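Open the model in your viewer and keep the selection box handy. We'll go from stop to stop, picking residues and looking at what sits around them.

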Amino acid sequence: MLKRIFSLMLVAFLISGCVNRDEVYANPPVELIEYVNGVLPAAEQFVYENERKALENGIKLNANQVDIARKVGLKHPEKVRLYYVDRLPFPEEPELAKLAKEHGYSSPFMGAYTYGYGVWIKRAEFTNQVLLSHELIHVRQAEQMGLKEQTKQYLLQLFIYGYENAPMEKEAYSEANKYT
């Protein structure tokens, strides 16, 4: 309960602008690290399970998409699978579901999610090359950091910055138009 109160207080300070988010991210409070480490096993399970599903059910990149992946800087575009679905996955684990809602990760306007080499894309976004580039940038981030570390850093960024201002998201949004 104390960790939850601390988390809410931190979020309130961050939203109010009283705290430099970059400084907090560079040196996160012990309580935040402990909280993230506590939810990390469930988050990792969610990520790895969704990567597995996409790898099993998805399709390989076509030649144009491989070209985009190479421009993005992927080391292994041949490992990527695009899994076109009507509905994106959402965490069933109660704490993860709550976090997703609180920190802007769950929106009906989301067009895709990336889990390692598995990219889930709504069928309605099938031709959206900018969205594909955005998601391939997340694949690149996972290649660079490793999926476990990317998951941890992504959680920290959601807590500290919120979805729209998370550095990994800002990087993907700012670069996506370069590769199409």
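How much space lies in the largest pocket? About 630 Å³. Keep in mind along the way that this is a predicted model.

**Stop 1: the largest pocket**

Select Tyr105, Tyr113, Thr114, Tyr154 and Glu169: of the 35 residues that line this pocket, these are the closest to its centre. Now colour by element. α3, α5, β3, α6 (129–145), α7 and α8 (167–175) each supply at least two residues of the lining. Which of them has the largest share? That's α7, with seven residues. If you colour the lining by class, you should get 23 nonpolar, nine polar and three charged residues.

**Stop 2: the second largest pocket**

Next, pick Phe46, Asn50, Phe90, Pro91 and Glu92. They lie nearest the centre of the second largest pocket, which is lined by 13 residues. About 290 Å³ of space lies in here. This time α3 gives the most to the lining, with six residues. By class, the lining has seven nonpolar, two polar and four charged residues.

**Stop 3: the ring pairs**

Hide the pockets and show the aromatic side chains. How many aromatic pairs does a search of the whole structure find? Six. Start with Tyr35 and Phe159, an edge-to-face pair at 5.4 Å centre to centre, with 80° between the planes. Tyr35 is in helix α3 and Phe159 in helix α7, 124 residues apart, and the pair links these distant parts of the chain. Are these two buried or exposed? Both Tyr35 and Phe159 are buried.

Then move to Phe46, which you already picked at the second pocket. Why does its pair with Tyr115 count as edge-to-face? The ring centres are 5.6 Å apart and the planes stand at 90°, and edge-to-face takes an angle over 60 degrees, so the pair fits that label. Here too, distant parts of the chain are linked: Phe46 belongs to helix α3 and Tyr115 to strand β3, 69 residues apart. Phe46 counts as buried because its relative accessibility is 16%, and the cut-off for buried is under 20%. Tyr115, with a relative accessible area of 2%, is buried as well. Add Tyr113 to the selection and you have a cluster: ring pairs link Phe46, Tyr113 and Tyr115.

**Stop 4: the nonpolar cores**

Keep Tyr115 on screen and add Tyr105 and Trp120. These three have the most contacts inside the largest nonpolar core, which has 32 residues. The elements that give two or more residues to this core are α3 (30–57), β2 (81–85), α5 (94–102), β3 (112–115) and α7 (147–161). Of these, α3 gives the most, with nine residues.

Zoom in on Trp120 and show what surrounds its side chain. Leaving out residues up to four places away in sequence, Trp120 touches Asn50, Lys53, Ala54, Tyr83, Val85, Arg87, Leu88, Pro89, Gly111, Ala112, Tyr113 and Tyr115. Apart from the largest core lies another one, of 20 residues. To find this other core, select Leu61, Tyr84, Leu131 and Tyr179, which are among its residues.

**Stop 5: the cavity**

Stay with Tyr84 and add Gln65, Ile121, Glu125, Phe126, Asn128, Gln129 and Leu132. Together these residues line the largest cavity. How many cavities of 30 Å³ or more does a search of the whole structure find? One. About 30 Å³ of space lies in the largest cavity. Its lining has four nonpolar, three polar and one charged residues.

From the lining, click on Gln129, in helix α6. Gln129 is partly exposed, with a relative accessible area of 23%. Not counting residues up to four places away in sequence, Gln129 touches Asn64, Gln65, Ile68 and Thr180. Try the distance tool too: Gln129 and Tyr179 are 50 residues apart in sequence and 8.6 Å apart in space, C-alpha to C-alpha.

**Last stop: Asn165**

Finish in the loop between α7 and α8, where you'll find Asn165. Asn165 is partly exposed, with a relative accessible area of 39%. Now select Arg21 as well. The two are 144 residues apart in sequence, yet 9.9 Å apart in space, C-alpha to C-alpha.

Technical notes:
Residues are numbered from 1 along each chain as its sequence is written. This is a predicted model: local features need pLDDT of at least 70, side-chain atom pairs count only at pLDDT 80 or more; totals for chains, interfaces and linings use all residues. Side-chain values use heavy atoms; hydrogens and water are left out. On a 1 Å grid over the protein atoms alone, a cavity is a set of points where a 1.4 Å probe fits but cannot get out, and a pocket is an open set with protein on both sides within 12 Å along at least five of seven lines; lining residues have an atom within 4 Å of a point. Grid points are joined across faces, edges and corners, and a volume is the space filled by probe spheres set on the points. Ala, Val, Leu, Ile, Met, Phe, Trp, Tyr, Cys and Pro count as nonpolar, Asp, Glu, Lys and Arg as charged, and the others, Gly among them, as polar. A nonpolar core is a set of buried Ala, Val, Leu, Ile, Met, Phe, Trp, Tyr and Cys residues joined through side-chain atoms within 4.5 Å. Buried means under 20% relative accessible area, exposed over 50%, partly exposed in between (1.4 Å probe, protein chains only). Helices (H or I, at least four residues) and strands (E, at least two) are DSSP runs, numbered from the N terminus. Contact means heavy atoms within 4.5 Å. Rings of Phe, Tyr and Trp (its six-membered ring) pair if their centres lie within 6.5 Å; planes under 30 degrees apart count as stacked, over 60 as edge-to-face and the rest as tilted.
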